[in-house]
Amino acid sequence: MQPMPNTIWFAKLKDSPKYIIVKNSSKRVLNNYVFSTGFMGLEADEYIINYLYLLILSDNFNNQKDASSTGATMMGINNDILYSIKVPNITKDEARSFGKDIDNFIETINRLQEKNYILKSIKKNLLSKYFD
């Protein structure tokens, strides 16, 4: 469950909206994290991963994931269920082209998430000086 560049990760559990995209620029994630076995990861080339990221963020994907989840107490999906989820039938070239078009947006999201992490760390550090 080691994050690698050009991977996306999503929670297998039903009704668990957790999504992570790992790019070459995701240094903090690449150097400091190992993901739980509750996540499922997909790997693809640099631009196709952007397309897949938006695909797993879609309501259509999540509705199918949640509807197909199995189990008694912790409902979720496995590899067989993942393979049965219906997705748009597009070519690699179409997925790559779309992913290339949105690459700047994905990189902006990653930069803003990193800035948010830094701001939260600063806030926690400042508050700890007053409440510890």
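**Exercise 1. Which residues of helix H3 (residues 59-68) are buried?** Work out how they sit around the helix, and what covers them.

*Solution.* A word on the model before we start. This is a predicted model, in which local features need pLDDT of at least 70 and side-chain atom pairs count only at pLDDT 80 or more, while totals for chains, interfaces and linings use all residues. Residues are numbered from 1 along each chain as its sequence is written, and side-chain values use heavy atoms, with hydrogens and water left out.

Step 1: pick out the buried ones. Buried means under 20% relative accessible area, exposed means over 50%, and partly exposed is in between (1.4 Å probe, protein chains only). For H3 that gives Phe61, Asn62, Lys65 and Asp66.

Step 2: look down the axis. These residues cover an arc of only 125 degrees, so they are on the same side of H3; the arc is that of the directions from the helix axis to the C-beta atoms. As a rule, an α-helix has 3.6 residues a turn, so residues three or four places apart point the same way.

Step 3: turn the helix over. Asp59, Asn60, Asn63 and Ala67 are exposed, on the face of H3 turned away from its buried side.

Step 4: find the cover. The buried residues of H3 are covered by elements including S1, strand S2 (19-22), H2 and H4. Contact here means heavy atoms within 4.5 Å.

**Exercise 2. Lay out the secondary structure of the protein chain.**

*Solution.* Step 1: count. You should get six helices and three strands. Helices (H or I, at least four residues) and strands (E, at least two) are DSSP runs, numbered from the N terminus.

Step 2: read off the order, which is β-β-α-β-α-α-α-α-α from the N terminus on.

Step 3: get the overall picture. The C-alpha trace spans about 55 × 40 × 25 Å along its principal axes, and 33% of the 132 residues are buried.

**Exercise 3. Track down the largest nonpolar core.**

*Solution.* Step 1: set the rule. A nonpolar core is a set of buried Ala, Val, Leu, Ile, Met, Phe, Trp, Tyr and Cys residues joined through side-chain atoms within 4.5 Å.

Step 2: apply it. The largest core has 20 residues, and Ile8, Phe10, Leu52 and Leu82 have the most contacts inside it. Strand S1 (7-11), helix H2 (48-57) and helix H4 (79-84) each give two or more residues to this core. H2 gives the most, with seven residues.

Step 3: zoom in on Leu52. Leaving aside neighbours within four places in sequence, Leu52 is in contact with Ile8 and Ala44.

Step 4: spot the other core. Apart from the largest core lies another of six residues, among them Val22, Val29, Phe35 and Phe39. Phe35 is in the loop between helix H1 (27-32) and S3, and counts as buried because its relative accessible area is 11%. Not counting residues up to four places away in sequence, Phe35 touches Met1, Pro3, Trp9, Ile20, Val22 and Val29.

**Exercise 4. How many of the ten residues of H2 are buried, and how does H2 pack against H3 and H5?**

*Solution.* Step 1: check the cover. Eight of the ten residues of H2 are buried, namely Ile48, Ile49, Asn50, Tyr51, Leu52, Tyr53, Leu55 and Ile56. They pack against S1, S2, strand S3 (39-43), H3, helix H5 (92-101) and helix H6 (103-131).

Step 2: take H2 and H3. They pack at an angle of about 60 degrees, with their axes 5 Å apart. Axes are lines fitted to C-alpha atoms, for helices over the stretch in contact, and angles run from 0 to 180 degrees between N-to-C directions. Under 35 degrees counts as roughly parallel, over 145 as roughly antiparallel, 65 to 115 as roughly perpendicular and the rest as oblique, so H2 and H3 are oblique to each other. Leu55, Ile56 and Leu57 of H2 make the contact with Asp59, Phe61 and Asn62 of H3.

Step 3: take H2 and H5. Here the angle is about 85 degrees and the axes are 7 Å apart, which makes H2 roughly perpendicular to H5. In this contact, Ile48, Asn50, Tyr51 and Leu54 of H2 meet Lys92, Ala95, Arg96, Phe98 and Gly99 of H5.
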